Amino acid sequence: MKPFIHENFLLSNNTAEKLYHKYSENQPIVDFHCHLSPAIIAEDRQFTNLTRAWLEGDHYKWRLMRSNGINEMFCTGNASDIEKFKKWAETVPATVGNPLYHWTHLELTRYFNITELLSPLTATGIYEKASTLLQTKEFSIRSLLRKMKVEIICTTDDPTDSLEHHLKLKGSFEITVLPTFRPDSIVKTEDPEKFRAYIHKLEHVSGVEIRNFETLVEAIDIRHKFFHESGGRLSDHGLDRFYFTSYTRSDVDKIIRKLLKGDTISYEEDEKYKTATMLEICKLNHKRCWTQQFHVGALRNNNARLFRQMGPDTGWDSIGVSQDALKMSKFLNALDDTDQLAKTILYNLNPADNEMMITMAGNFNDGSSAGKVQNGPAWWFLDQKCGIEKQLKDFAALGLLRRFIGMVTDSRSFLSYPRHEYFRRLVCNFIGEEVEKGLIPDEEELLKPLIEGISYRNAKEYFGF
């Protein structure tokens, strides 16, 4: 029988097959946003078995296992590794139609050359074969990255991080691993005690006593400069939404003093603080010629009971409401008005925001660089077949698909790189369909740069790597 993952998987027409195999398949990977651990890369860790490599920290899989009636002990609990894997194998047949069905079998095929479908019947054999391979040097972390032709990785790092592992990797690994400045904790004011603790940490690493807005910005600038000197060229902001309201420096100084005392602030004060702080961070991004990324629209930690038990990033997040286009416009305009708007990527989690964000990006492209402000790849709950196809159609209709910077893993898993293949196949299929409908000319000088650009070259050029 023909294996499920075959050479023309997801390619439904002849043109798509030609485009993928000729222009996309062998391109390297630029993963400009992920949550991989630089410490694990630096130590070139060896996973002891497939559960440790595949299920640990993967809230995508945990959500589906819970939905399949699997007890928490087999997700984040104390069940044995083989027991956890068998419960995932029990869930996989029920994931038909979900991207994890495709990702699961792509990953088994590409990393381990396992073409069997994962199910309770095949679980033990697959677990034993993959776990044995993972214990060989050819399956160390760095070897896994080489196997997928990864060229550049941008991790996600807190401003207070020492970046010691990034510094160890410099010159010791041929794949470039760069830090990304993720200052979300600086604008998380909801818990006054946590906020104060974080500010004290920021004071310690920056050497600046934070008393007011000016000293807060000074401390952030020092850490921003440290990231720059360590190779960082990107910031990332995982916000629920864009903030914008009028404020004065005096307003923000008063708010900071209240926060530093542990007082609760009002909604209006919170909006002023977040607007002022985010604008100053974005001005630093412009000052150092960085690219800033905004991941907005997630409604996080919805299940209060289970969030208290397990903490963040364990599977209690969902799509939030549509973004306030007016606040987004005013925020971006405040930066552009003083010519301090850096290259900007806008990621939306609510699919209803696709068209708004693509057209919003067009408002702030001034000809200084191709795609200076643009909608990013389909993200999180949208990086599946339907979400990617919708995003491609909307981007093509309202933006410049030729300048689209392509795919990211947005993953904590070192086995997630076949997601780039998944995306590239869908891109080639979409373009192939348009060609065969007569909507795009079947001309190599048009199609070759289009496919190679989206697959690899656009990101490499856009970020200046």
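Is Glu 128 buried, partly exposed or exposed? In this predicted model, Glu 128 is partly exposed, because its relative accessible area of 48% lies between the limit of under 20% for buried residues and that of over 50% for exposed ones.

**Figure 1. Glu 128 in helix α7.** The view is centred on Glu 128, which has its place in helix α7, a helix made up of residues 123-134. With a relative accessible area of 48%, Glu 128 counts as partly exposed. Asp 339 serves as a distant reference point: 211 residues separate Glu 128 from Asp 339 in sequence, and their C-alpha atoms are 58 Å apart in space.

**Figure 2. Strand β6 and its covered side chains.** Strand β6 spans residues 291-296 and is mostly covered, with 6 of its 6 residues counted as buried. Thr 291, Gln 293 and His 295 point one way from the strand, whereas Gln 292, Phe 294 and Val 296 point the other way, and all of these residues are buried.

**Figure 3. The pairing of β5 with β6.** Strand β5, which comprises residues 234-239, runs parallel to β6 and is joined to β6 by 6 bridges. Within this pairing, Leu 234 has Thr 291 of β6 as its bridge partner. Thr 291 is also one of the buried residues of β6, and points the same way from the strand as Gln 293 and His 295.

**Figure 4. The pairing of β6 with β9.** Strand β9, formed by residues 343-348, is likewise parallel to β6, and 6 bridges hold the place between these two strands. In this pairing, His 295 stands opposite Tyr 347 of β9. His 295 itself is buried and points one way from β6, together with Thr 291 and Gln 293.

**Figure 5. The whole protein as the setting for the close-up views.** The protein contains 19 helices and 10 strands, and its C-alpha atoms fill a box of roughly 70 × 55 × 45 Å along the principal axes. For 465 residues, a compact globule would have a radius of gyration near 23 Å, and the value of 23 Å found for the protein therefore agrees with that expectation. Of the 465 residues, 56% count as buried, while the accessible surface amounts to about 19500 Å², with 50% of this area belonging to carbon and sulfur atoms. Among the contacts between residues at least 6 apart in sequence, 76% join residues that are at least 24 apart. The 60 positive and 65 negative charges have mean positions that are 2 Å apart.

Terms used: Residues numbered from 1 in each chain as written. Predicted model: local features only at pLDDT ≥ 70, side-chain atom pairs only at ≥ 80, totals over all residues. Heavy atoms only, no water. Helix = DSSP H or I, 4+ residues; strand = E, 2+ residues; numbered from the N terminus. Rg over C-alpha atoms; globule rule 2.2 N^0.38 Å. Buried < 20%, exposed > 50% of the residue type's maximum accessible area, 1.4 Å probe, protein only. Contact = heavy atoms within 4.5 Å. Areas by Shrake-Rupley, 256 points an atom, 1.4 Å probe, with all protein chains shown as cover. Lys, Arg positive; Asp, Glu negative; His and termini not counted. Charge placed at Lys NZ, Arg CZ, Asp CG, Glu CD. Pairing = 2+ DSSP bridges.
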